[in-house]
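Here are my notes from going through the model, set out as numbered points. Have the viewer open while you read.

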Amino acid sequence: MPKRLILDVIADDFNPDTDICIGPWCFQDAEHIYPEWDRVDFLNPFSSPGDLTYASTQALALYENRVQDLAEHYNQKHALALSDFAWRHILIGWYLHLIQVSYIRFEHIRLFVEKYKEDTIEVRLAPENTDWVLPVSHSLSHLSSRRDFDYWLSSVLLRKIAPPHWTLIDDENFKAEPPPEIETHTVQHNDNPALKCKIREAVLKWIEKGRFEHIHGTCWRSQIFLNAFLSFLPARPHKTGTEARKVLKEQIDLSFFQEEYIECLDFLAGKTEPECFKSVSVFAENLKTAQKKTYKKNKIRIALPDVFNEVKKLEHALAHEAGEKIIMSQHGSWYGTVSCIDFSHATEYAQYAFFSWGWSDHSLKGRYKALPSPMPTRFKANRRKAARSEDLLFVDNLVNLRSARMAGQPMPTDTLRRRYEKKIFLETLHDGPYKQTLYRPHIHHTGIDERGFIKKYFNDIRILDSNSMDEALLGCKLYVSNHYGTTLHLALAANIPTICYWTDFPPMTEKADRIFNLLREQNIFFNTAKEAANHINSVWDNLDDWWNAPKTQSAREIWCHENARTNGFWIWEWMKVISRL
């Protein structure tokens with residue numbers, strides 16, 4: 001009897017004896033059909049963190065090798081003469097993301113085929129000729145976590161490498177949903193109640209046109225001041241720069257990507273090309289908007305991260321073409337610590353300079369400047385004013401089971417292990433800390449039902465469902481996290497008692513590992529949930545004694561100096577560095 005391979009979500013007729021699910025996403029919204037699904041032994045597309053890191057490097061290298069042809073194509077299409085570097089910046093949020101998303105799934109399916117190649121398999125596939133409408137680059141990020149697109153992606157890849165004796169059945173009931181609605185990212189100026197009516201509008205308009213864009217953690221006052229500073233700063237010739245893409249071209253392994261994958265990538269690129277690049281009129285409209293700004297050779301522009309903002313990308317591309325010095329800055333975690341190469345990092349590091357939260361070296365060459373950041377600085381100040389609670393704030397990770405970028409997705413077995421680590425953590429807590437636990441599921445959750453899983457075993461636990469957790473974090477007695485993210489940087493910078501645990505995801509750089517070891521030595525960071533919970537039990541009644549101990553504070557301060565540097569006079573520090581660039 002043939003086995004049935006399932007690429008989509010299981011149906012009511014699922015039979016674990018004869019059905020094989022390609023991955024844990026097959027059980028999304030269908031866990032009730034087979035409650036034991038999380039005991040299934042799924043394949044991982046990469047066997048080690050090192051393999052994942054190397055794949056991310058080769059993905060960027062492949063993109064770099066294709067940039068010249070892409071630039072030539074789009075210059076001809078839109079009657080332009082932009083440089084390869086400009087097009088590299090404009091296209092990376094779509095094309096490199098496509099490479100990462102598709103190669104993760106290709107490798108997953110390739111390993112599955114290798115394991116079951118001798119078996120008789122039948123599988124239902126989404127039609128290959130499905131048309132997708134992607135208005136902007138960010139549409140792919142939304143689509144890749146959606147059921148219909150993921151099913152189609154797996155189908156395209158499996159058609160290419162399925163053994164000839166497998167039975168491939170066209171799914172006549174498949175229907176692609178309408179394109180996702182992408183929320184436009186706009187700058188929110190909510191800290192200036194003194195500015196009213198036309199005066200306020202004029203000030204904000206001047207800021208928008210200026211050379212200092214809305215960097216996370218800045219307010220309108222600092223934006224006005226730095227805009228004025230950059231406007232009056234004399235234009236000086238460029239210093240010798242480095243470009244990450246040139247380094248990576250020397251690292252490409254031409255044998256890494258199989259010929260079948262390259263053929264699939266070309267097909268997928270044609271099917272997912274965003275309208276903002278494909279449509280001459282849409283591109284022209286965005287370009288016209290970008291051309292309204294003034295660009296001057298050798299002037300400095302502190303730029304907002306823009307990988308998913310089509311107009312901003314064009315503004316920064318035009319600024320580069322005009323000879324401006326573009327500086328980008330860190331706006332969250334993973335920068336400088338995670339060894340996998342993310343597409344946003346790849347474009348931001350390649351600019352004239354990059355302002356980090358404390359680190360100054362990376363595997364990608366660039367001009368890194370370690371500086372205090374306004375974002376953790378502001379959060380630290382807010383902690384001093386916050387009303388305190390007795391809460392143990394337990395913050396959960398985003399569970400995105402479907403295709404995602406290489407730097408942002410645990411492997412399938414890691415996802416399931418993390419689920420049961422949460423259960424172990426809460427089971428191990430004594431009554432004192434458990435009764436004070438406030439569980440925070442991720443608000444952008446697109447995977448399996450983690451909230452339901454927690455409530456199933458811990459029905460009395462309190463759950464924080466609000467869109468923002470700033471108030472809860474700023475006031476909590478103890479912050480606990482089962483993942484690495486921006487909140488960890490903010491908590492440690494604000495000197496909030498913190499305990500975190502995870503195993504080997506995300507893969508860290510060697511230097512980041514050494515810095516995290518300092519946290520491990522002082523019982524701030526653990527490898528297992530049980531160890532973390534046992535330590536909480538031992539210090540809960542005298543938490544401040546442990547947290548304020550000299551060795552604990554020293555480890556926190558060293559980590560923050562490297563990863564979450566703060567300074568109430570950060571503007572002055574930035575001005576000094578900018579003046580030398």
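1. Is Asp 391 buried or exposed? Keep in mind that this is a predicted model. Asp 391 comes out at 15% relative accessibility, and because the cut-off for buried is under 20%, Asp 391 counts as buried. You'll find Asp 391 in the loop between helix H13 (374–385) and strand E9 (392–395). Setting aside neighbours within four places in sequence, Asp 391 is in contact with Gln 436, Leu 438, Arg 462, Cys 476, Lys 477 and Leu 478.

2. One of those contacts, Lys 477, is worth a second look. Lys 477 lies over the face of Trp 540, at 3.9 Å from the ring centre. There is another arrangement of this kind to click on: Arg 367 lies over the face of Tyr 352, at 4.4 Å from the ring centre.

3. Next, helix H10 (residues 280–290). Phe 283, Asn 286, Leu 287 and Ala 290 are buried there. Look down the axis of H10 and the buried residues fall within an arc of 100 degrees, so they line one face of the helix. Ser 281, Glu 285 and Lys 288 sit on the other side of H10 and are exposed. The general background is that an α-helix has 3.6 residues a turn, so residues three or four places apart point the same way. As for what covers the buried residues of H10, the cover includes helix H2 (84–116), helix H9 (275–278) and helix H11 (310–321).

4. H2 also matters for the nonpolar core. The largest nonpolar core has 166 residues, and Tyr 63, Leu 158 and Phe 425 touch the most other members. H2 gives the most to this core, with 18 residues. Apart from this core lies another, of 19 residues, including Phe 212, Leu 233, Ile 300 and Val 577.

5. What does Leu 158 touch, leaving aside its neighbours within four places in sequence? The contacts are Leu 5, Leu 7, Ile 109, Val 113, Val 123, Leu 125 and Trp 166.

6. Aromatics: the count comes to 53 aromatic pairs. Take Tyr 103 and Phe 106, whose ring centres are 6.3 Å apart with planes at 25 degrees, so the pair is stacked. Tyr 103 and Phe 106 are 3 residues apart in helix H2, which puts about one helical turn between them. Both residues are buried: Tyr 103 at 3% relative accessibility, and Phe 106 with a relative accessible area of 1%. The pair belongs to one aromatic cluster that also takes in Phe 46, Tyr 54, Phe 256, Phe 257 and Tyr 261.

7. How many disulfides does the count come to? The count is 0. Cys 21 is in no disulfide, and the nearest cysteine sulfur, that of Cys 26, is 4.4 Å away; a disulfide would need the sulfur atoms within 2.5 Å. Cys 21 is buried, with a relative accessible area of 10%. Cys 276 counts as buried too, at 1% relative accessibility.

8. Two residues to check on a Ramachandran plot. Phi of Asp 29 is near 60 degrees, a positive value in a residue other than glycine. Asn 298 likewise has a positive phi, of about 70 degrees, although it is not a glycine. For context, most residues other than glycine have a negative phi. Asp 29 is in the loop between strand E2 (19–21) and helix H1 (49–77), and Asn 298 is in the loop between H10 and strand E5 (300–303). Their surroundings contrast: Asp 29 is exposed, with a relative accessible area of 69%, whereas Asn 298 counts as buried at 15%.

9. Finally, a couple of spans across the model. Asp 150, found in helix H4 (residues 147–161), is buried, with a relative accessible area of 1%. Asp 150 and Lys 455 are 305 residues apart in sequence and 29 Å apart in space, C-alpha to C-alpha. Arg 378 lies in helix H13 and counts as partly exposed at 35% relative accessibility. The C-alpha atoms of Arg 378 and Glu 531 are separated by 32 Å, with the two positions 153 residues apart along the chain.

Definitions and conventions:
Residues numbered from 1 in each chain as written. Predicted model: local features only at pLDDT ≥ 70, side-chain atom pairs only at ≥ 80, totals over all residues. Heavy atoms only, no water. Buried < 20%, exposed > 50% of the residue type's maximum accessible area, 1.4 Å probe, protein only. Helix = DSSP H or I, 4+ residues; strand = E, 2+ residues; numbered from the N terminus. Arc of directions from axis to C-beta. Contact = heavy atoms within 4.5 Å. Phe/Tyr/Trp six-rings, centres within 6.5 Å; stacked < 30°, edge-to-face > 60°. Lys NZ or Arg CZ within 6 Å of the ring centre and 35° of its normal. Core = buried A, V, L, I, M, F, W, Y, C linked by side-chain atoms within 4.5 Å.
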